[in-house]
Amino acid sequence: MNVLFVTSELFPYVKTGGLGDVMAALPRAMRALGADVRVLLPAYPALREAVDLQGEAAAFPELMGGGPARILRADAPGLPLYLLDQPTFFDRPGNPYGHPGDLARRFAALAWAAAHLGRAGDAEGWRPDVLHGHDWPAGLVPAYVAYGDGPRPATVMTIHNIAFQGRFPASLLGGLGLPRHAFTPEGVEFHGDIGFLKAGLRLADRLSTVSPTYAREIQQANGHGLEGLLTHRNGSLRGILNGVDRVIWNPATDHHLVSRYDLKHPSRRAPNRPDFQRRMGLQEDPGAPLFVAVSRLDPLKGLDLVLDNVDYLVTRGAQLAVIGTGDFHAEGAFRQAAQRHPGQVAVFIGYDEALAHRAFAAADVVLVPSRQEPCGLTQLYAQAYGALPLVRRTGGLADTVVGMSPETLANDTATGFQFEAANGWALGEAINRALALFQDPATWRQVQRRGMAAEFGWEAPARAYLDLYATIPSKGY
Ligand code: ADP
Ligand code: GLC
């Protein structure tokens with residue numbers, strides 16, 4: 001089976017969050033099961049320079065008002081790629097979602113290129129049976145398939161985060177090469193605008209999102225206006241949990257760490273802590289419980305609940321390190337907290353992959369207090385690295401962390417801490433539970449071991465995606 005993933009991010013070349021990690025791991029896991037999965041994404045300069053270019057798969061004199069465009073075949077290690085090379089749109093440094101002036105046309109171009117490969121195949125005759133779009137940047141893929149001519153590959157849309165929908169003014173319709181009759185509630189129209197994600201969710205053959213709990217939540221309260229559509233399409237929607245890429249996230253082989261360790265050698269974890277404290281400007285206090293958050297600073301991530309607890313954590317003798325970037329006010333508030341408590345609270349504003357690895361290897365507790373969380377990866381990385389995740393019970397966090405309780409301790413299933421209400425007090429109460437367990441090192445190690453032993457591999461999710469494709473009636477190939 002031939003599958004083309006369509007995405008805006010791919011680790012290690014372009015990543016703003018978990019989407020990049022998933023796009024690197026999932027296609028490789030599906031290839032290991034025998035599916036010919038390839039990935040289409042924009043030819044960002046950093047990407048084009050890093051991969052092996054193989055030649056031209058297609059060329060267009062003009063695409064979406066952005067001038068000439070080509071699709072290049074390229075190879076990343078173990079993963080065939082197609083790169084949409086359109087300098088006007090993609091030869092820019094910085095965040096892939098910046099430059100709002102042509103954001104809609106840019107990702108429409110990507111979706112159109114995907115539909116073209118689905119219809120015509122590449123120069124060597126490779127043609128996808130399934131076009132699988134990820135998040136709003138790929139939302140128009142099913143639309144270009146539905147409103148185009150010729151052979152129609154099956155289409156699948158995966159929601160990694162429904163809060164980002166790609167909504168644009170209706171006046172852009174003509175510029176996106178969509179017919180007028182596409183602008184209906186059964187097509188791309190969404191409350192008078194063009195909705196990229198909405199179009200994908202309306203028109204794709206199958207839908208998925210990245211955890212079973214989030215699949216339920218987005219049909220109820222967390223669907224950001226798409227609850228009704230998703231309830232309507234309930235029979236086509238699956239929740240498939242993300243996994244951990246053990247090549248990248250493995251404390252036994254991680255070269256970002258000063259000391260590598262595994263379940264059999266847990267004491268080798270210890271040197272990572274003073275190394276991280278030094279790098280962050282925290283006191284090298286071996287006894288202080290170390291709380292860490294690695295996160296985009298976005299209101300839905302709930303880091304304001306952590307801000308509410310900064311002084312409390314310090315009063316209780318704990319340390320806090322935050323690695324994140326995003327919301328300007330949150331950045332300022334964390335900087336101020338660090339100034340108020342030098343040596344006890346430290347913040348790194350920015351994006352630093354190596355520092356994130358070191359944080360998970362040093363932390364006692366990784367905080368993930370999200371208001372909404374489709375899956376979440378940092379609570380999985382925390383477990384793999386022997387830190388205890390403390391999470392709000394929502395979305396994928398509810399599905400991947402077993403909260404500590406007398407029962408889960410007794411049957412040895414606990415892997416972390418959960419809390420329910422999205423407020424600072426509820427987080428504070430969970431912090432208290434973590435601090436109490438910290439006084440009981442034997443039980444702490446039990447929970448830590450259970451987390452490190454958790455599987456969270458990519459093989460089971462990869463099979464689940466292949467099973468989802470298999471439910472699509474044949475399109476007549
Ligand atoms: P989301 O995709 O919503 O941001 P996830 O938990 O799925 O949330 O994925 C976040 C990914 O981004 C993880 O790989 C995490 O380590 C990484 N990350 C987030 N912020 C930073 C940062 N400031 N520096 C380095 N890595 C970060
Ligand atoms: C999104 C979600 C996150 C998920 C990631 C990968 O960015 O916010 O919860 O883990 O995608 O699927």
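Q277 is in contact with L282, Q283, E284, D285 and Q319, leaving aside its neighbours within four places in sequence. This contact list comes from a predicted model, as does everything below. Q277 sits in helix 9. Its relative accessibility is 1%, so Q277 counts as buried; the cut-off for that class is under 20%.

**Helix 12 and its cover**

Helix 9, spanning 272–280, is also among the elements that cover the buried residues of helix 12. The cover further includes helix 13 (378–384) and four strands: strand 13 (290–297), strand 14 (319–326), strand 15 (345–349) and strand 16 (365–368). Helix 12 itself runs over residues 353–362. How many of its residues are buried? The count is 10 of 10. The buried residues include the charged pair E353 and R358, along with H357 and F360. Alanines are on the list too: A354, A356, A359, A361 and A362. L355 is buried as well.

The N-terminal end of helix 12 is capped by D352. A side-chain oxygen of D352 lies 3.1 Å from the backbone nitrogen of A354.

**V447 in helix 17**

Helix 17 covers residues 441–453, and V447 is part of this helix. Is V447 buried or exposed? V447 counts as buried because its relative accessibility is 2%, against a limit of under 20%. Beyond four places in sequence, V447 touches L388, L409 and L437. It also touches A414, T415 and G416. The C-alpha atom of V447 is 9.6 Å from that of T408, a residue 39 places away along the chain.

**The second largest pocket**

Which elements give two or more residues to the lining of the second largest pocket? They are helix 9, helix 12 and helix 17. Helix 17 gives the most, with 5 residues. The pocket has a volume of about 500 Å³. Its lining holds 21 residues. R269, A270, D364, W444 and Q448 lie nearest the centre of the pocket. By class, the lining has 11 nonpolar, 4 polar and 6 charged residues.

**Cavities**

The model holds 3 cavities of 30 Å³ or more. The table sets out two of them beside the pocket.

| Space | Volume | Lining by class |
|---|---|---|
| Second largest pocket | about 500 Å³ | 11 nonpolar, 4 polar, 6 charged residues |
| Largest cavity | about 70 Å³ | 5 nonpolar, 3 polar, 2 charged residues |
| Second largest cavity | about 40 Å³ | 7 nonpolar, 1 polar, 2 charged residues |

The lining of the largest cavity includes Y44, F89, F90 and H99. R92, P93, G94, N95 and P96 form a run in that lining. R106 completes the set.

The second largest cavity is lined by D21, V22, A25, G243, V244, D245, W249, L377, Y381 and W458. Which element gives the largest share of this lining? It is helix 1 (residues 18–32), with 3 residues.

**Two domains**

The domain assignment divides the chain into two parts. Domain 1 is made of two segments, 2–243 and 459–470. Domain 2 spans 266–453. The lining of the second largest cavity draws on both, with D21 among the residues from domain 1 and L377 among those from domain 2. The centres of the two domains, taken over C-alpha atoms, are 33 Å apart. Across the boundary, 21 residues of domain 1 are in contact with 18 residues of domain 2.

How values were computed
Residues numbered from 1 in each chain as written. Chains lettered and ligands numbered in written order. Predicted model: local features only at pLDDT ≥ 70, side-chain atom pairs only at ≥ 80, totals over all residues. Heavy atoms only, no water. Buried < 20%, exposed > 50% of the residue type's maximum accessible area, 1.4 Å probe, protein only. Contact = heavy atoms within 4.5 Å. Polar contact = N/O pair within 3.5 Å; in protein donor to acceptor, adjacent residues only side chain to side chain. 1 Å grid on protein atoms, 1.4 Å probe; cavity = no way out; pocket = protein on both sides within 12 Å on 5 of 7 lines; lining within 4 Å. Points joined across faces, edges and corners; volume = space filled by probe spheres on them. Domains from an automatic or database assignment.
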